[in-house]
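User: I am new to this structure and would like to understand the reasoning behind the words used to describe it. Could we go through it step by step, starting from the strands?

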Amino acid sequence: MPNPEKFPFREMTVTLEGGKKLTLSKETLSAGLQYGPSHGYLPFRNQLKRMVEQWHAPPRWAESDLIVTVGNQDGISKALDMLLDPEDFIVVPDPCYSDFLCMLSSLAPQIVAVSVDDQGMRPDILQSALEKAISSGSTGIPKALYLVPNSCNPTGTNMGEERRQEIYAIAQQYDLIILEDDPYCFLQFNDKYLPSFLSMDVDGRVLRFDSFSKVVSSGLRIGFVTGPPPLLQGITLHMQASCICPPMLSQVLIHELLTSWGDEGFKKHISDICQFYKEQRDAMIQALKTHLTGICEWIVPEGGIFVWLKVLHLSDTSAMLLERGAKGDIVLVPGREFMVDSTKPSPYMRAAYSCVTPEEMMKGMENLAKLIQKEIELQSTHT
Amino acid sequence: MKYSRFLTQVSRNRQPSLIREMTNLLAQASPELVFMAGGLPNAQMFPFQAGSITLKDGRALTIHPKLMMDCLQYGPTPGYPPLVKQLKDLTQQLHSPPRWAEMDLIVTAGSQDGLCKALEMMISPGDYVVTQEPCYTGTLSILKPYKPRYLPISGDQNGMCPEALKAALSKWKPEEVQDTEKDVPKDFPPSFLSMDVDCRVIRFDSFSKILSSGLRIGYVTGPKPLVERIVLHAQVSLLHAPAMSQVLVSELLKLWGDEGFFKHTDAVQAFYLDQRNAMLEAAEKHLSDLCEWAVPTGGMFLWLKVPKIHDTWDMILERALTKNVILVPGKAFMCDSSKPCQYMRAAFSIVSPENMDKGCKNLAELIREEMVLQESNASSD
C-alpha cells in the first residue's frame with residue numbers, strides 16, 4: 001500500500017442540492033483515497049444491505065450477500081464472464097438492451113431469444129425456446145436468463161407481478177440463474193408495487209444488479225450486486241484481479257450522502273426525481289401526439305427514460321437515423337441495434353426523454369416527422 | 001506490426017456499442033441537433049452541486065457546478081477529454097515514443113484494470129506467458145484462471161536477464177533477431193515505450209502511488225489497434241474510469257502545471273528514499289546474519305531471502321502474527337506455487353522507522369524460532 005501521507009488532497013467538501021454542505025472528515029477522506037476491500041467500502045456495503053433487506057425482504061436473506069461494483073454494468077459483464085462457456089445458452093428478451101448484446105457478441109454463447117409483449121418476455125415462447133435448446137443436441141446447457149423487469153431498455157415496459165412469477169417458475173424448471181438488471185427501479189411514476197425477482201427468490205438463483213446511475217450519479221461508477229455468496233465470489237475474485245476495488249471516493253461520497261439524508265431524505269429525493277421524469281414523459285407524449293400521430297405507434301412508459309417508437313410505414317429505421325438523422329437535426333437509436341438478429345430490418349426506434357427540454361422535444365418530434373416523411377418518399381422513389 | 005495474431009477470439013469478436021459511439025456525435029453536433037439517442041440520466045437531478053478540495057499545500061481545487069456535472073455524468077470510454085490530453089502530453093514529454101502517431105491512450109480504473117483487460121485481450125487457456133520471476137501477485141491473479149504455461153525468467157539487480165530470456169524463447173525461431181542493446185542513462189532508465197520502434201509495447205501507468213490509490217485512476221498507452229480492443233471491452237463493462245476521480249486528477253495537474261507535478265514526484269521520491277534507508281538500517285541491525293537482500297533503487301518493497309529456511313509460507317501465514325509482524329511470503333510471487341520459496345516481501349511504505357526496527361527485531365526472532373522448528377521437524381522425520 002502506498003503511503004497516504006503523500007497523497008496531495010487534504011480536505012473535501014461537497015454542496016448538495018438545497019445548499020447543505022457535506023464535509024468529509026479526515027478519516028473518511030483518507031478512506032476515499034486509499035485502496036479498499038474488493039467487495040466494497042464496509043460502511044457503505046452495510047448501508048446497502050440494510051436498504052436491500054428493507055426493500056425486498058429476500059426470502060433467503062441470511063444466505064445472501066452484496067458487493068459493490070464499478071457501475072452495475074461491470075457487475076453484469078463479470079457475471080457473464082463467470083457463467084458462460086461458449087457452448088452454453090443464455091436467454092434474453094428480444095429486443096434486448098444493446099450493450100448486453102455487445103457483451104454476448106464477444107463471448108459468443110448460444111442465444112435463446114424470447115419475443116416480448118407489453119409486459120416483457122412471453123412465458124409461452126420462453127418455454128418452447130428452452131425446449132428447443134435442450135433438444136438441439138448441443139453439449140451446452142441453458143444457464144442464465146437476463147431481463148430488465150422495470151422500464152425495460154429499450155421498450156419501456158414493466159413486467160407485472162403474475163408474469164414475474166411465471167418466469168421465475170420456468171427458471172426453476174430449467175434451473176436457470178436469473179440476472180435481474182434493475183437500474184430504473186427508482187424511476188417508477190405510479191405507486192404500483194412490483195415485487196423484484198430477488199423478493200421471490202426462494203431458491204437462491206437470482207443475481208440482482210442495482211445502480212445509482214439514474215438516481216445519484218452515473219459518472220461516479222457505483223452499482224451493487226445482491227445474490228448467493230458462491231456467485232458473488234466469482235465476480236469479486238475477478239474484480240480483485242482487475243480494478244482491485246470499486247472507486248473509494250465515489251463510495252465514500254454516496255455513503256455520506258445517504259447517511260446525511262436518512263431514509264426520509266432518500267425517499268424525498270426519489271419522489272423528486274420521479275416527479276421530474278414523469279413531467280418529462282408527459283411532455284414527450286404530448287410532443288409525440290402533436291407530431292407523430294398516424295406516423296408512429298408507441299406504448300406510454302410507466303417509468304424510466306425511454307419511449308419505444310414504431311414507424312408505421314417503414315420497414316427499417318437504421319439508414320434514416322444513422323445517415324440522415326443528424327442533418328435532420330434529430331437523433332434516436334435505431335431499433336435494429338436492440339434486436340438479437342441485427343441483420344433483420346426493424347421499424348422501431350428508441351427515444352430518450354431524460355435530458356431534452358419540452359421545447360426541444362416538440363422541435364425534435366417535428367423534425368422526426370419530417371425525417372420519416374422524407375424517408376417514406378425516398379423509399380417509394382426507389383421501389 | 002500485425003496485431004490480430006495476438007488477439008483471442010473473444011477480443012476479435014468485440015464490436016463498438018452503437019449507443020456509446022453515437023454519444024461521440026454530440027461533440028461535432030450543430031446546436032440545433034435534438035439528441036435523444038443516449039440513455040443519459042438528467043444530471044440536474046444528481047444531488048451533488050458543487051465541491052471543494054483543499055490540498056496539503058493549502059491551495060484549493062474548486063468544483064463549480066458545471067465541473068461537478070462532468071464529475072457526475074457518464075463520459076467517453078477512453079477518458080475525460082481534458083485528462084486524456086494532459087496524459088498524452090505527459091507521455092510524449094517523458095517517453096517520446098518513436099511511433100507516437102500510431103499510438104493511443106485510455107484512462108483506466110487503476111493501471112491494474114488496464115493490465116487485466118490487456119491480458120484478457122490476448123490470453124487463451126494454456127497459452128505461454130513470459131514473465132519475470134518473482135512476479136507481481138496481481139498479474140498472477142489475472143493469469144491464474146487461464147492455467148498458462150509460464151516461462152518464468154530469473155533476474156538480477158536489473159531485473160529479467162536477457163540470456164535467460166533468450167534461452168527460454170530459444171525453442172521458437174524468430175524470423176529476425178534484433179539487437180536492442182542501448183546505453184542506459186544513469187539517472188532515469190528509459191522505458192520500453194521510449195524504445196518501441198516496432199510498436200509492440202503496451203505501457204501501464206498509475207497514479208496510485210503518487211496521487212491516490214482509492215480514486216482508481218491509471219492509464220494505458222499502446223498501439224492503436226490494441227488500445228481499441230481495451231476500449232471496446234471497457235465500453236461493455238465499467239463504461240469508463242470514475243468521472244469525478246478523472247476530473248480531480250485533471251484539475252490538480254492543471255493547477256500544478258509540469259513544474260508542480262515534478263516537484264510533487266520529487267517529494268514522493270525523497271520520502272520513499274528516507275523510508276528505504278530506515279528499512280535498510282533496521283534490516284542491517286537485526287537481520288544481517290539471517291537474511292540476504294539487494295538494495296532497492298526505487299519503489300517500496302524489500303525482497304528478503306532467508307537462506308536457512310526451506311519455505312517461508314507457513315512461517316509467515318501461521319506464526320508471524322504471534323510475533324506481531326506480517327510480510328508476504330515469496331511463494332505468492334512464484335509462477336509455480338507448488339515449489340517451496342525462501343523469499344519474503346516487506347513493504348516499507350507506511351511503517352514508521354521505529355516500527356521498522358521493532359518489526360525487523362520480531363522478524364529475526366520469528367526466523368530463529370523457525371530454524372529450530374525446521375531442525376526438530378527434520379530430526380523427527
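User: What makes strand β7 (residues 142–147) of chain A and β8(A) count as joined, and in which sense do they run?

Analyst: This is a predicted model, and everything that follows is computed from it. Two strands pair if at least two bridges are found between them; β7 of chain A and β8(A) are joined by four bridges and run parallel, so by that cut-off they are a pair. One point of the pairing can be picked out by its residues, since A:Tyr146 has A:Leu179 in β8(A) as its bridge partner.

User: Where do these two strands sit in the open sheet of chain A, and in what order do its strands come?

Analyst: The sheet has eight strands in the order β3-β10-β9-β8-β7-β4-β5-β6, and its pairing is mixed. At its edges are β3 (65–69) and β6 (120–121) of chain A, each of which pairs on one side only. Elsewhere in the sheet, strand β4 (residues 89–94) and strand β5 (residues 110–117) of chain A pair in the parallel sense over six bridges, with A:Val91 standing opposite A:Val112 in β5(A).

User: Why is strand β8 (residues 177–181) of chain A called mostly covered?

Analyst: The word buried is used for a residue under 20% relative accessible area, and in β8 of chain A five of its five residues are buried. This holds for both faces of the strand: A:Ile177, A:Leu179 and A:Asp181 lie on one side, A:Ile178 and A:Glu180 on the other, and all are buried.

User: How do you know that the side chains of A:Asp182 and A:Arg208 meet in a salt bridge?

Analyst: The rule asks for a side-chain nitrogen of Lys or Arg within 4 Å of a carboxyl oxygen of Asp or Glu, and for A:Asp182 and A:Arg208 the N to O distance is 3.0 Å, so the pair qualifies. The two residues link distant parts of the chain, with A:Asp182 in the loop between β8 and β9 (206–211) of chain A and A:Arg208 in strand β9 of chain A, 26 residues apart. A:Asp182 counts as buried because its relative accessibility is 2%, and A:Arg208 counts as buried because its value is 1%. Salt bridges that share partners also join A:Glu180, A:Asp182, A:Arg208 and A:Asp210 into one network.

User: What parts does the salt bridge between A:Arg163 and A:Asp117 tie together, and why is one of these residues buried and the other partly exposed?

Analyst: The side chains meet at 2.8 Å, N to O. A:Arg163 lies in helix α6 (residues 161–173) of chain A and A:Asp117 in strand β5 of chain A, so the pair ties together parts that are 46 residues apart in sequence. Buried means under 20% and exposed means over 50%; A:Arg163, at 10% relative accessibility, therefore counts as buried, while A:Asp117, with 27%, is therefore partly exposed.

User: Why does A:Glu323 count as exposed?

Analyst: A:Glu323 has 56% relative accessibility, and therefore counts as exposed. A:Glu323 forms a salt bridge with A:Arg324, the closest N and O atoms being 3.7 Å apart, and A:Arg324 is partly exposed, with a relative accessible area of 28%.

User: How many salt bridges does the rule find across the interface of chain B and chain A?

Analyst: The rule finds zero salt bridges across that interface, although the structure holds 36 over all chains. There are, however, 48 residue pairs in polar contact between chain B and chain A, both residues being at pLDDT 80 or more. On the side of chain B that touches chain A, helix α9 (residues 243–287) of chain B gives the most, with ten residues.

User: What area is buried between chain B and chain A, and how many residues are in contact?

Analyst: The buried area is about 6,900 Å², of which carbon and sulfur atoms give 61%, and 80 residues of chain B are in contact with 88 residues of chain A. B:Met36, B:Phe48 and B:Lys56 supply 12% of the area that chain B buries against chain A, more than any other three residues.

User: What makes strand β13 (residues 330–331) of chain A and strand β1 (residues 34–35) of chain B a pair?

Analyst: At least two bridges are needed, and two bridges join these strands, which run parallel, so the pair meets the cut-off. In β1(B), B:Val34 is the bridge partner of A:Ile330.

Notes:
Residues numbered from 1 in each chain as written. Chains lettered and ligands numbered in written order. Predicted model: local features only at pLDDT ≥ 70, side-chain atom pairs only at ≥ 80, totals over all residues. Heavy atoms only, no water. Contact = heavy atoms within 4.5 Å. Buried area = accessible area lost by both parts, 1.4 Å probe. Polar contact = N/O pair within 3.5 Å; in protein donor to acceptor, adjacent residues only side chain to side chain. Buried < 20%, exposed > 50% of the residue type's maximum accessible area, 1.4 Å probe, protein only.
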